[in-house]
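Visitor: I have a structure to look at and would like a short tour. Can you put it up?
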Amino acid sequence: MESYMRNKFIFYGLKSPERRKSYHDLIKLEKANKKIDWKFLDQAWADEHREAQYFVCDYLIALEKYLKFEDIDHIFNYVKSKQWWDTIDSLIKPIGNIGLRDDRVNDLMLAWSKDDDFWVRRVAIEHQLLRKDKMNVKLLNAILENNLGSSEFFINKAIGWALRDYSKTNPNWVENFI
């Protein structure tokens, strides 16, 4: 696992099914509380083992309906630390789901799409993945245009991913954009 992640993080060595099974009951209990325990999540995120950050991502995805716009500032702290594609691509899900409920996310993602930190820009590019007919096409267009011409692999990969995903819903728009 460490080698696959280019030795950027240390791991306990738990594979995903085993890892998720280990905290399944805990997340079930947390759902019953109907609120996000940020202190607990911060403690988990601070752990040096990568599985702890995966737990935080899984927790936020599982409890996404309890997240609100104001929680994005907290998620942003996770986006800005221990950065790599694995957690970044998981943190897009709760942010994207908040965006379906709160239009303020649109302006925030447009601002993030111009951030100096390419991982922040990647979140902006990817946050609408899998939206299909709920895609804010004007926002997608603006975010993608803000990132065209980048030499950063992870930005170009995100642009391709966003276009490929939306092409399944609106291939004509994607073709015209390209």
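Guide: What follows covers aromatic pairs and then a charged patch. This is a predicted model, where local features need pLDDT of at least 70, side-chain atom pairs count only at pLDDT 80 or more, and totals for chains, interfaces and linings use all residues. Residues are numbered from 1 along each chain as its sequence is written, and side-chain values use heavy atoms, with hydrogens and water left out.

Visitor: How many aromatic pairs are there?
Guide: The count is 16. Rings of Phe, Tyr and Trp (its six-membered ring) pair if their centres lie within 6.5 Å; planes under 30 degrees apart count as stacked, over 60 as edge-to-face and the rest as tilted.

Visitor: How do Phe118 and Phe154 pair?
Guide: Phe118 and Phe154 are stacked, 6.3 Å centre to centre with 5 degrees between the planes. Phe118 is in helix H7 (residues 118-126) and Phe154 in helix H9, 36 residues apart. Helices (H or I, at least four residues) are DSSP runs, numbered from the N terminus.

Visitor: Is Phe154 buried or exposed?
Guide: Phe154 counts as buried, at 12% relative accessibility. Buried means under 20% relative accessible area, exposed over 50%, partly exposed in between (1.4 Å probe, protein chains only). Phe118 is partly exposed at 22%.

Visitor: Which residues do ring pairs link into a cluster?
Guide: The cluster consists of Trp84, Phe118, Trp119, Phe153 and Phe154.

Visitor: New topic. Where is Lys157?
Guide: Lys157 lies in helix H9 (residues 153-167) and is partly exposed, with a relative accessible area of 48%.

Technical notes
Helix = DSSP H or I, 4+ residues; strand = E, 2+ residues; numbered from the N terminus.
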